[in-house]
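Dear colleague,

I am passing on the structure below, and my notes on what was found in it follow directly after. Please read them with the coordinates open beside you.

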Amino acid sequence: MTKADLEKRPSQVSAMFDRVSTHYDRTNDVLSLGAAPLWRRQTRLAVKARPGERVLDVAAGTGTMSALFAEDGAKVTALDFSHGMLEEGVRRHGGDAGITFVHGDATQLPFEDGTFDATTISFGLRNVQQPKLALAEMRRVTKPGGRIVVSEFSTVTNPVVRVGYDVYMATLMPLVVRLVSSDPEAYEYLHETIQAWPDQPTLAAWLRGAGFERVKYRNLSSGIAALHKGFVPTGA
Ligand SMILES: C[S@@+](CC[C@H](N)C(=O)[O-])C[C@H]1O[C@@H](n2cnc3c(N)ncnc32)[C@H](O)[C@@H]1O
């Protein structure tokens with residue numbers, strides 16, 4: 001199944017995540033060569049959830065980020081359209097105070113306007129069939145003055161790292177995937193979607209286009225991933 005096929009069928013994207021749900025987090029940690037937990041720590045710091053705040057984690061998967069925001073004292077809504085990922089999330093974090101798992105689509109969020117202090121999406125936007133629509137929805141449900149944080153794979157900016165990264169993605173990663181993943185095909189999709197994903201300035205422009213202001217980004221691991229942050233205007 002190619003990315004082109006999946007792009008047309010969100011139901012196949014959710015089915016793919018259903019299949020990988022039980023091994024998803026372990027596979028990520030291995031494939032990122034240990035970088036994923038560092039990127040998660042940076043995302044947590046960027047969201048800076050405060051006690052009592054309402055945080056929406058879109059495309060939350062198994063709730064790995066949601067659990068960190070809940071640890072910071074926020075009331076977290078973890079939304080995803082894969083039942084498999086949500087079930088795994090409930091199994092791991094269902095008992096955690098402060099997290100509610102919700103089935104829903106990022107492009108049609110089932111919340112009133114201005115519900116959340118912060119909305120965030122980690123390694124999810126790239127998988128959404130209409131990412132600009134998802135950003136517009138995140139803007140809609142964020143309170144005036146509230147913030148958005150997007151963490152996502154991005155474009156490597158350091159030429160030396162670029163060479164090593166390309167070699168890893170083309171040769172080593174497929175081997176590692178065969179060893180650790182329950183669904184190697186899903187990780188071909190990962191590679192293809194990363195290659196097709198816009199660079200840092202383009203994603204920043206998408207955030208501005210969705211109505212966020214003071215948009216900034218910074219690279220993680222030389223741009224292998226990037227963190228984008230923006231705010232809803234206070235007068236909105
Ligand atoms: C790579 S996982 C990321 C999960 C989690 N955010 C994390 O940091 O581990 C991508 C997630 O996006 C979800 N997803 C993709 N498109 C979606 C959509 N339109 N609405 C809701 N969830 C979606 C998938 O089901 C999957 O759980």
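To begin with the aromatic side chains, Phe111 and Phe116 are both buried, and this should be read with the caution that the model is a predicted one. The rings of these two residues, Phe111 and Phe116, have their centres 5.1 Å apart with their planes at 90°, so the pair counts as edge-to-face, the class for planes over 60 degrees apart. The rings of Trp197 and Trp206 also form an edge-to-face pair, because their planes stand at 85° while their centres are 5.5 Å apart. Of these two tryptophans, Trp197 has a relative accessibility of 11% and therefore counts as buried, since the cut-off for that class is under 20%. The count of aromatic pairs comes to five, and one aromatic cluster is formed by Trp39, Phe123 and Phe153. A charged side chain also meets a ring in this model, in that Arg214 lies over the face of Phe231, at 4.1 Å from the ring centre.

Turning to the ligand, which sits in the largest pocket, I would note that 18 residues surround it, the closest being Tyr24, Ala59, Asp80, Ala106 and Ser122. Three of these residues place backbone atoms by ligand nitrogen: a backbone N or O atom of Ala59 lies 2.8 Å from a nitrogen atom of the ligand, a backbone N or O atom of Ala106 lies 2.8 Å from a nitrogen atom of the ligand, and a polar backbone atom of Ser122 is 2.7 Å from a ligand nitrogen atom. Taken alone, the ligand exposes 600 Å², and the protein buries 97% of that area.

With best regards

Technical notes:
Residues numbered from 1 in each chain as written. Predicted model: local features only at pLDDT ≥ 70, side-chain atom pairs only at ≥ 80, totals over all residues. Heavy atoms only, no water. Phe/Tyr/Trp six-rings, centres within 6.5 Å; stacked < 30°, edge-to-face > 60°. Buried < 20%, exposed > 50% of the residue type's maximum accessible area, 1.4 Å probe, protein only. Lys NZ or Arg CZ within 6 Å of the ring centre and 35° of its normal. Near = heavy atom within 4 Å. Polar contact = N/O pair within 3.5 Å; in protein donor to acceptor, adjacent residues only side chain to side chain. Areas by Shrake-Rupley, 256 points an atom, 1.4 Å probe, with all protein chains shown as cover. 1 Å grid on protein atoms, 1.4 Å probe; cavity = no way out; pocket = protein on both sides within 12 Å on 5 of 7 lines; lining within 4 Å. Sits in = over half its atoms within 2 Å of the grid points.
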